[in-house]
Amino acid sequence: VQLQASGGGLVQAGGSLRLSCAASGSISSISDMAWHRQAPGKQRELVATIATGGVTNYADSVKGRFTISRDNAKNTVTLQINRLKPEDTGVYYCNAAIKPRYGSRRYDYWGQGTQVTVSS
């Protein structure tokens with residue numbers, strides 16, 4: 001099982017980006033999916049989460065600008081980022097709680113990270 005993130009880049013403040021993350025492999029089920037980010041010199045922080053049924057939660061700093069969504073049929077999670085600010089700069093990681101097809105436990109998996117850089 002692996003997560004593959006994509007969609008980062010360099011954008012000007014006020015712009016938009018769409019990050020995508022796809023889970024692949026021998027997957028039985030996926031519960032919560034999330035995006036985290038790590039700014040230079042700072043700890044990784046949770047940005048947004050989405051449950052299987054679509055219930056979402058956001059960090060206060062991104063509410064109203066970020067939208068997380070998922071496609072359960074395709075095992076993907078997306079983060080639409082609008083009105084980008086320089087402080088949104090960082091490496092964005094997707095994360096999902098996945099039960100592999102062979103096994104009884106659910107594990108946390110992480111994508112490799114995608115860089116988002118916002119210029120002022």
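**Briefing on a predicted model: contacts, core and turns**

Asn75 is found in the loop between E7 and E8, and this residue is a convenient place to enter the structure, which is a predicted model. The phi of Asn75 is near 55°, a positive value in a residue other than glycine, and at 22% relative accessibility Asn75 counts as partly exposed. The points below start from this turn and go on to the disulfide, the nonpolar core, the salt bridges and the aromatic contacts.

**The hairpin of E7 and E8**

- E7 and E8 form a hairpin with four residues between them, and Asn75, with its positive phi of about 55°, sits in the turn.
- The two strands E7 and E8 pair in the antiparallel sense, and their pairing runs over six bridges; within this hairpin, Thr67 stands opposite Gln80 in E8.
- Side chains alternate along E7, so that Phe66, Ile68 and Arg70 point to one face and are buried, whereas Thr67, Ser69 and Asp71 point to the other face and are not buried.

**The disulfide**

- A search of the whole structure finds one disulfide, and this link joins Cys21 to Cys94 with an S to S distance of 2.0 Å.
- The link of Cys21 and Cys94 is right-handed, with 55° about the S-S bond.
- Distant parts of the chain are linked by this pair, since Cys21 belongs to strand E3 and Cys94 to strand E9, 73 residues apart.
- Both cysteines, Cys21 and Cys94, are buried.

**The nonpolar core**

- The largest nonpolar core has 29 residues, and of these Leu3, Trp35, Val77, Leu79, Tyr92 and Ile98 touch the most other members.
- Two or more residues of this core come from each of strand E1 (2-6), strand E3 (17-24), E4, strand E5 (45-50), strand E7 (66-71), E8, E9 and strand E11 (114-119).

**Salt bridges**

- The count of salt bridges comes to four, and two of them involve Arg37, a residue that counts as buried because its relative accessibility of 6% is under 20%.
- Arg37 forms a salt bridge with Glu45, in which the closest N and O atoms are 2.7 Å apart; Glu45 counts as partly exposed, at 34% relative accessibility.
- The side chain of Arg37 also meets that of Asp88 in a salt bridge, at 2.9 Å from N to O.
- The pair of Arg37 and Asp88 links distant parts of the chain, with Arg37 in strand E4 (residues 27-38) and Asp88 in the loop between strand E8 (76-81) and strand E9 (90-100), 51 residues apart.
- Both Arg37 and Asp88 are buried.
- Lys63 forms a salt bridge with Asp60, the closest N and O atoms being 3.1 Å apart, and Asp60 is exposed, with a relative accessible area of 64%.
- Arg37, Glu45, Arg65 and Asp88 are joined into one network by salt bridges that share partners.

**Aromatic rings and a charge over them**

- The structure holds one aromatic pair, made by Tyr107 and Tyr109, whose ring centres are 6.5 Å apart and whose planes stand at 70°, so the pair is edge-to-face.
- Tyr107 counts as partly exposed, at 37% relative accessibility.
- The charged end of Arg44 sits over the ring of Tyr93, 3.7 Å from the ring centre, and Arg44 also lies over the face of Trp110, at 4.9 Å from the centre of that ring.

**Other loop residues**

- Arg83 has a positive phi of about 50° although it is not a glycine; Arg83 is found in the loop between E8 and E9 and counts as partly exposed, at 49% relative accessibility.
- Ala13 lies in the loop between strand E2 (9-12) and E3, and Ala13 is partly exposed, with a relative accessible area of 41%.
- Ala13 and Ser28 are 15 residues apart along the chain, and their C-alpha atoms are separated by 40 Å.

Key: Residues are numbered from 1 along each chain as its sequence is written. This is a predicted model: local features need pLDDT of at least 70, side-chain atom pairs count only at pLDDT 80 or more; totals for chains, interfaces and linings use all residues. Side-chain values use heavy atoms; hydrogens and water are left out. Buried means under 20% relative accessible area, exposed over 50%, partly exposed in between (1.4 Å probe, protein chains only). A nonpolar core is a set of buried Ala, Val, Leu, Ile, Met, Phe, Trp, Tyr and Cys residues joined through side-chain atoms within 4.5 Å. Rings of Phe, Tyr and Trp (its six-membered ring) pair if their centres lie within 6.5 Å; planes under 30 degrees apart count as stacked, over 60 as edge-to-face and the rest as tilted. A charge sits over a ring if NZ of Lys or CZ of Arg is within 6 Å of the ring centre and within 35 degrees of the ring normal. Two strands pair if DSSP finds at least two bridges between them. A disulfide is a pair of cysteine sulfur atoms within 2.5 Å.
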